Amino acid sequence: MKAIVIGIVQGLTEFLPISSTAHIRIVPALLGWEDPGAAFTAVIQLGTVLAVLIYFAKDLGRAITGWARSLGGKDKDSVDARMGWAVFYGTIPVIIVGLLLRKQIKTDTFRSLYVIAFSMIAMAIVMLIAEKMGKRDRGIETVQPKDGIRVGLWQCLALIPGMSRSGSTISGALFDGFDYATAARFSFLMSVPSVAGAGLYEFWDERKNIVGDQLMYIGVATVVSFVVGYACIAWLIKLLQTRGIGIFVWYRLALGIVLLILLQQGTLKPQTGNTKSEPAKVASR
């Protein structure tokens, strides 16, 4: 049951700019469960990565093909080649920063609900500014490799629980002048190498702990996150085109404030008490 709930939460929130990491930390806390952990969270994101791979198979195929052809000196200025290089360059910053902060990311202090509450509010403000200041007059055909670097730097904020990878990358793309649909597509494509890399790395790192029942829990959560995540992609793109990101700004602000109130009242504990999370073991309890 826990694996199904966490998988649904992951699938619902991965592509929304409201932070899946925050919700996978918040929902168990509200239900009295232990924190699943940073590694568990990273592994089950492979389900939502698979959803992106299938949904955007043609886009990814063209970007990879264009990037590969440009390496041989062909069609260097094609949209597909430029998008491929943008995603390539945009992935480098989060890899570097992620490796530097790897130990801190897994600590209980870093995953404190206070950190998440303030991150929810901070990113809400960033998103609001991005929506107001972004010109939204650029389409996918205008993408350049340098856009990937700028959006990639914004993506580094997602390493802080509560900031949101999609929220940071969509905001970065809006600041770059892209329209909502292009910003969302940019965010989806950029999620593939960074999220897949983190998930595979953590799976390998925790391979000795992921056995028996633990493997089943992670497997169930990953499959559920894939199904729910795939169903959410088209809905999110349409929602962004018709409503913008304002609804998510107010949701983040409200949730952040409610979290702070619950923490101050003692209803929720800011930390679980673990210095390092053990994802497979926590998931099976």
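Visitor: Where does Arg136 lie?
Guide: Arg136 sits in the loop between helix H7 (113-133) and H8. Helices here are DSSP runs of H or I with at least four residues, strands are runs of E with at least two, and both are numbered from the N terminus.

Visitor: What kind of model is this?
Guide: This is a predicted model, in which local features need pLDDT of at least 70, side-chain atom pairs count only at pLDDT 80 or more, and totals for chains, interfaces and linings use all residues. Residues are numbered from 1 along each chain as its sequence is written, and side-chain values use heavy atoms, with hydrogens and water left out.

Visitor: What is the mean pLDDT of the protein chain?
Guide: The mean is 87, and 94% of the residues reach 70 or more. pLDDT is the predictor's confidence in each residue, from 0 to 100. Over residues 273-285 it is below 50. That stretch still has 31 contacts in the model beyond near neighbours in sequence. A contact means heavy atoms within 4.5 Å.

Visitor: What is notable about the phi of Arg136?
Guide: Arg136 is not a glycine, yet its phi is positive, about 55°. Most residues other than glycine have a negative phi. Ser164 also has a positive phi, near 85°, and is not a glycine. Ser164 lies in the loop between H8 and H9.

Visitor: Why is Arg136 called partly exposed?
Guide: Buried means under 20% relative accessible area, exposed means over 50%, and partly exposed is in between (1.4 Å probe, protein chains only). Arg136 has 32%, so it counts as partly exposed.

Visitor: Is Ser164 buried or exposed, and how do you know?
Guide: The relative accessible area of Ser164 is 5%, so Ser164 is buried.

Visitor: What makes Glu14 and Arg165 a salt bridge?
Guide: The rule asks for a side-chain nitrogen of Lys or Arg within 4 Å of a carboxyl oxygen of Asp or Glu. In this pair the closest N and O atoms are 3.6 Å apart, so the rule is met. Glu14 lies in the loop between helix H1 (2-13) and helix H2 (20-31), and Arg165 in helix H9 (residues 165-175), so the bridge ties together parts that are 151 residues apart in sequence. Glu14 is buried, at 6% relative accessibility. Arg165 is buried too, at 11%.

Visitor: How many salt bridges does this rule give?
Guide: The count is 9. Among them is the pair Asp77 and Arg82, at 3.6 Å from N to O. Asp77 is exposed, with 59% relative accessible area, whereas Arg82 is buried, with 9%. Asp59, Arg62, Asp80 and Arg185 are linked in a network of salt bridges.

Visitor: Why does the pair Arg150 and Asp176 tie together parts apart in sequence?
Guide: Arg150 lies in helix H8 and Asp176 in the loop between H9 and H10, so the bridge spans 26 residues in sequence. The closest N and O atoms are 2.8 Å apart. Arg150 counts as partly exposed, at 36% relative accessibility. Asp176 counts as buried, at 14%.

Visitor: Which residues have the most contacts inside the largest nonpolar core?
Guide: They are Phe56, Phe186, Phe188, Ile233, Leu240, Ile245 and Phe248, in a core of 55 residues. A nonpolar core is a set of buried Ala, Val, Leu, Ile, Met, Phe, Trp, Tyr and Cys residues joined through side-chain atoms within 4.5 Å. Helix H10 (residues 180-205) gives the largest share, 10 residues. Apart from this core lies another, of 11 residues, including Val9, Phe40, Val43 and Ile44. In soluble globular proteins, nonpolar side chains tend to be buried together.

Visitor: What is Phe248 in contact with, leaving aside neighbours within four places in sequence?
Guide: Phe248 touches Leu16, Pro17, Ile18, Met127, Leu236, Leu239 and Leu240.

Visitor: Which residues form the nonpolar patch on the surface?
Guide: Phe88, Tyr89, Ile92, Ile96, Leu100, Leu101, Ile149 and Leu153 form it, with about 710 Å² of accessible area together. Helix H5 (79-100) and helix H8 (145-155) each give two or more residues. The largest share, 5 residues, comes from H5.

Visitor: What makes a residue eligible for a patch?
Guide: Patch residues have over 30% relative accessible area and no salt bridge; like charges are joined within 9 Å, and nonpolar side chains (Val, Leu, Ile, Met, Phe, Trp, Tyr) within 5 Å. Areas come from the Shrake-Rupley method with a 1.4 Å probe, and for residues only the protein chains shown count as cover. Ile149, in helix H8, has 38% and counts as partly exposed.

Visitor: How far apart in space are Ile257 and Met120?
Guide: They are 8.8 Å apart, C-alpha to C-alpha, and 137 residues apart in sequence. Ile257 is found in helix H12 (residues 246-265). With 46% relative accessible area, Ile257 is partly exposed.
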